[in-house]
Amino acid sequence: MLNPEDDFGAMLTFDLSRPGRIGTTLPPLDVPEAPLPSNELLRDDLTLPELSQMDVVRYFTQLSQRNFSIDTGFYPLGSCSMKYNPRVNEVAARLPGLADVHPMQPQETSQGALALMHSLQGLLAEITGMDDVSLAPDAGAHGELAGILIASAYHNSNGGSRRRVLVPDSAHGTNPATAAMAGFEVESIPSNADGNLDLDALTAALDANGGSVAALMLTLPSTLGLFEPRIEQIAELLHNHGALLYGDGANMNALLGRVKPGDLGFDVFHLNLHKTFSTPHGGGGPGAGPIAVKAHLAPFLPTPHVEKEDSGCYTLATPERSIGRLGLFHGNFGVLVRAYAYIFSLGADGLRGISEAAVLNANYLLVRLRDAYRLPYDRSCMHEVVLSGSRQKAKGVKTLDIAKRLIDYGFHPPTIYFPLTVDEAMMIEPTESETKETLDAFCDAMLAIAKEAEETPDLVREAPTRAPLRRLDEATAARKPVLRWKLGLE
Ligand SMILES: *Cc1c(COP(=O)(O)O)cnc(C)c1O
């Protein structure tokens, strides 16, 4: 029997198994019986759990109730925009005409879906201030890969082979990974004391051999939650050397309806629809990372690109010098529908309201927490605030301990130890969808933990104490990992 009070999280269906128990009743055989294959072809070592149907239902239902999600609590995971996913988006995505459309059915029977994609391409171009968009990439990192391959194809078409991509030291790990995967040498550009890009270092990198730089990949706002005030100057510096400015727009929450990256000088820019445009994305999916470009890069967009013919029909087209196909079919359609519904249900004013509330909420946390935790860059932030637990660490309480203790208070921890440039970093993104009461409750918990770190540090170091499972023994997990269930595991 499954007892929720037990250490149930560590239990597997195998532990509940009883020989001979089955969960289903098969109907009488109504086809001729066929002989089994010969014995040497049959496996008898296939150990599967033997359970009643009720055992299975209870096991998985109880396991699902251990999930933490945006629907059950505050989830300030920085850089991830864990915001409310309005149910109207789900209704739209489940409409049979959209949910059941098959990617291989003839285009003349899927004109509605293609019209939606065409419209979304235009909306995203308008929101970003870019000239054209492809919806093909299935994630942020996939959009980055598309963008860097576009940059590469563009330079190749101009006869120049450029082998370096510059990446600020505060960048999301996917940026250098993308550039390396596309075959470029990655060169890190440091940040200065204000958290901005060090322009002297950028100038030096360009002066050293600007002709070999394909692009700078810049996140805006940066992963420090800061707006880069000299962005236009940065764009000009790159363009003077024939290099492109790539924008990582995974987090558009602070800019929506206010700032168009195209106006700032970006040549290519990706969006994370599953973050900014609201699709549930816990556990690694699903996602969509549309890539937006200026006109000079449009011929290189990945396929498919939805175009409207003179006849008024929509068609899946391949741009003239396309980098090609990035995956099967036409992108992550369900995510595209959700983004479309989200944009239309909010309208232009609603989108502007998002950035206003997202930035206000993050600054509210900054002001309430700045005396208890170190604020590495003393300036107002954008959609997220990065604090440091270095003061607490000096007293023997690490940021990891603080994060674990937040679980005891019922909150999902923020992103920790990222960006790498901030010691004991805590990257907190409240998003626009939270009330002041929720933000206050979170701040109260953070302040209480700061006090505990002073007075009862062991309490914080032992956290979580109220979760179904205690802290993982990371050393044992790394040295003696148990990766699969074995009969009679001691
Ligand atoms: C989330 C994120 C990415 C990667 O997006 P995925 O959809 O997870 O691939 C890239 N850059 C930044 C700044 C991000 O926050």
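How many nonpolar, polar and charged residues does the lining of the second largest cavity have? Let me leave that hanging for a moment, because I'd like to say hello and set the scene. Hi everyone. What we have on the screen is a predicted model, and I'll walk you through its empty spaces, its helix packing and a few backbone details.

Now, back to that opening question. By class, the lining of the second largest cavity has nine nonpolar residues, no polar ones and one charged. If you want to find them, the residues lining this cavity are Leu 224, Leu 226, Leu 366, Leu 375, Pro 376, Tyr 377, Arg 379, Cys 381, Val 385 and Val 386. The space inside comes to about 50 Å³.

Let's step back to the cavities in general. The structure holds three of them at 30 Å³ or more. The largest has a volume of about 150 Å³. Its lining counts 15 residues, and those nearest the centre are Pro 168, Ser 170, Leu 218, Thr 219 and Ser 222. The mix here is seven nonpolar, seven polar and one charged.

Next, the pockets. How much space lies in the largest pocket? About 870 Å³. There are 35 residues along its lining, and closest to its centre you will find Arg 66, Asn 67, Phe 68, Ile 407 and His 412. Which elements give two or more residues to that lining? They are α2, spanning 53-65, α3, spanning 87-93, and α14. Of these, α14 gives the most, with three residues. By class, the lining of the largest pocket divides into 14 nonpolar, 10 polar and 11 charged residues.

Please keep α14 in mind, as we meet this helix again in the packing. Helix α14 covers residues 399-408, and it packs with helix α15, residues 436-455, at an angle of about 125 degrees, with the axes 10 Å apart. An angle of that kind falls outside the bands for roughly parallel, antiparallel or perpendicular, and α14 and α15 are therefore oblique to each other. Their crossing is right-handed. On the α14 side, the contact is made by Ile 402, Arg 405 and Leu 406, and on the α15 side by Phe 442, Ala 445, Met 446, Ile 449 and Glu 452. Sorted by class, that contact has six nonpolar residues, no polar ones and two charged.

Helix α15 has another partner, α12. The axes of α12 and α15 come within 10 Å and cross at roughly 30 degrees. Angles under 35 degrees count as roughly parallel, so α12 and α15 are roughly parallel to each other. This crossing is right-handed too. From α12, the contact takes in Asn 361, Tyr 364, Leu 365, Arg 368 and Leu 369, while α15 brings Lys 436, Leu 439, Asp 440, Phe 442, Cys 443, Asp 444, Met 446 and Leu 447. In this contact we have eight nonpolar, one polar and four charged residues. If you look back, Phe 442 and Met 446 of α15 also take part in the contact with α14.

And α12, residues 333-369, packs with α5 as well. Helix α5 runs over residues 111-128, and the two helices pack at about 50 degrees with their axes 10 Å apart. That makes α5 oblique to α12. Is this crossing left-handed or right-handed? Here it is left-handed. The residues of α5 in this contact include Leu 116, Leu 120 and Leu 123, and those of α12 include Phe 333, Tyr 340 and Phe 344. The class count is 15 nonpolar, one polar and no charged residues.

Finally, some backbone details to look for as you turn the model. Most residues other than glycine have a negative phi, and most peptide bonds are trans. With that in mind, where is Pro 221? Pro 221 sits in the loop between β4, 213-219, and α9, 231-240. The peptide bond leading into it from Leu 220 is cis, with omega near -10 degrees. There is also a cis bond from Thr 303 to Pro 304, with omega near 0 degrees. Pro 304 belongs to the loop between β7, 291-293, and β8, 305-308. Then there is Ser 79, whose phi is near 75 degrees, a positive value in a residue other than glycine. You will find Ser 79 in the loop between α2 and α3.

That's my tour. Thanks for listening!

How values were computed: Residues numbered from 1 in each chain as written. Predicted model: local features only at pLDDT ≥ 70, side-chain atom pairs only at ≥ 80, totals over all residues. Heavy atoms only, no water. Axes fitted to C-alpha atoms, helices over the stretch in contact; angles between N-to-C directions. Helix = DSSP H or I, 4+ residues; strand = E, 2+ residues; numbered from the N terminus. Parallel < 35°, antiparallel > 145°, perpendicular 65-115°, else oblique. Left-handed = near helix turned anticlockwise from the far one by under 90°. Contact = heavy atoms within 4.5 Å. Nonpolar A, V, L, I, M, F, W, Y, C, P; charged D, E, K, R; others polar. 1 Å grid on protein atoms, 1.4 Å probe; cavity = no way out; pocket = protein on both sides within 12 Å on 5 of 7 lines; lining within 4 Å. Points joined across faces, edges and corners; volume = space filled by probe spheres on them.
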